[in-house]
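Biologist: I'd like a close look at one part of this fold, and how it fits in with everything around it. Could you pick one and talk me through it?

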Amino acid sequence: MTSPRDRDDGPPAEAAAHAESEAAGDPTVELRRRVVDGTRLQQIAVQVAAGLPAVSCTCPFGPEHDVFKVGGKIFLLTTEAPGEPIVTLKCEPPHAAALRQEFPTITPGHHMNKQHWISLAAGPGITPELVGELVLNAYELVVEGLPRSERPVLRHHRTGGHP
């Protein structure tokens, strides 16, 4: 006589194969795999910011705060609060509200105007692509507020033959 365990060998193997094939094509599973930790979050933000035209980095609030500026205006800060690495970015209020609604680790800006700033911590859905997009968005927001004569030219915005 066979035991119930012997008769059920097929379904667990099928379930595992199904879960594996589902994970391979499931965008949610793929996003979870690319989620970054707090240190990597800051590294990505710093790398993207440092690659943008006319950006400076200073530590006016102490060595634990990296402050990135364009045209003398802040668009990004990195620090730890409370004890976890975060990135704080300039953001349009409607976009900030939508982001806070969608991502539990995006909160109102730490020690900043809560309407115009957001803070990102590592968590579900916080991917390298999202971090890069938010850094670029913050930069562009500040650049748009600068007098035209002080605006740096973004290389990726050039079209056709215009320099």
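Modeller: First, how I'm using angles: an axis is a line fitted to C-alpha atoms, taken for a helix over the stretch in contact, and the angle between two axes runs from 0 to 180 degrees between N-to-C directions. Keep in mind as well that this is a predicted model.

Let's go for the sheet and what packs on it, with α4 getting most of the attention. The chain has 6 helices and 6 strands, and from the N terminus on they run α-α-α-α-β-β-β-β-α-β-β-α. The 6 strands form an open sheet in the order β1-β2-β3-β4-β6-β5, with antiparallel pairing. The edges belong to β1 (55-58) and β5 (106-108); each has a single partner strand, so one side of each has no neighbour in the sheet. On average, neighbouring strands are turned by 25° against each other, ignoring direction. At the β1 end, 4 bridges join β1 to β2, and one pair to look for is threonine 58 with its bridge partner valine 67 in β2.

Now for the helices on that sheet. α5 lies across β5 and β6, running at about 130° to β5. α4 lies across β1, β2, β3, β4 and β6, and its angle to β4 is about 35°. A quick check on α4 itself: at 1.5 Å a residue, its 13 residues should span 18 Å, and the end C-alpha atoms are indeed 18 Å apart.

Which residues of α4 are buried? Gly38, Leu41, Gln42, Ile44, Ala45 and Ala49 are. Looking down the helix axis, these buried residues fall within an arc of 160°, so they line one face of α4. That spacing makes sense if you remember that an α-helix has 3.6 residues a turn, so residues three or four places apart point the same way. On the other side of α4, Gln47 and Ala50 are exposed. The cover over the buried residues of α4 includes β1, β2, β3, β4, β6 and also α6.

That brings us to the nonpolar core. In soluble globular proteins, nonpolar side chains tend to be buried together. Here the largest nonpolar core has 28 residues, and the members touching the most others are Phe75, Leu89, Ile106, Ile118, Leu120, Ile126 and Val135. Elements that each supply at least two of its residues include α4 (38-50), α5 (93-102) and α6 (128-145), along with strands such as β3 (73-80) and β4 (85-90). The largest share, 8 residues, comes from α6. For a single residue to click on, try isoleucine 106: leaving out residues up to four places away in sequence, isoleucine 106 touches Leu99, Arg100, Ile118, Ser119, Leu120, Ile126, Leu130 and Leu134.

Finally, two loops are worth a glance. Most residues other than glycine have a negative phi. Alanine 54 is not a glycine, yet has a positive phi of about 60°; you'll find alanine 54 in the loop between α4 and β1, where it is exposed, with a relative accessible area of 55%. Histidine 111 also has a positive phi of about 60° without being a glycine. Histidine 111 sits in the loop between β5 and β6 and is exposed, at 68% relative accessible area.

Notes
Residues are numbered from 1 along each chain as its sequence is written. This is a predicted model: local features need pLDDT of at least 70, side-chain atom pairs count only at pLDDT 80 or more; totals for chains, interfaces and linings use all residues. Side-chain values use heavy atoms; hydrogens and water are left out. A nonpolar core is a set of buried Ala, Val, Leu, Ile, Met, Phe, Trp, Tyr and Cys residues joined through side-chain atoms within 4.5 Å. Buried means under 20% relative accessible area, exposed over 50%, partly exposed in between (1.4 Å probe, protein chains only). Contact means heavy atoms within 4.5 Å. Two strands pair if DSSP finds at least two bridges between them. The expected span of a helix is 1.5 Å times one less than its number of residues. The arc is that of the directions from the helix axis to the C-beta atoms.
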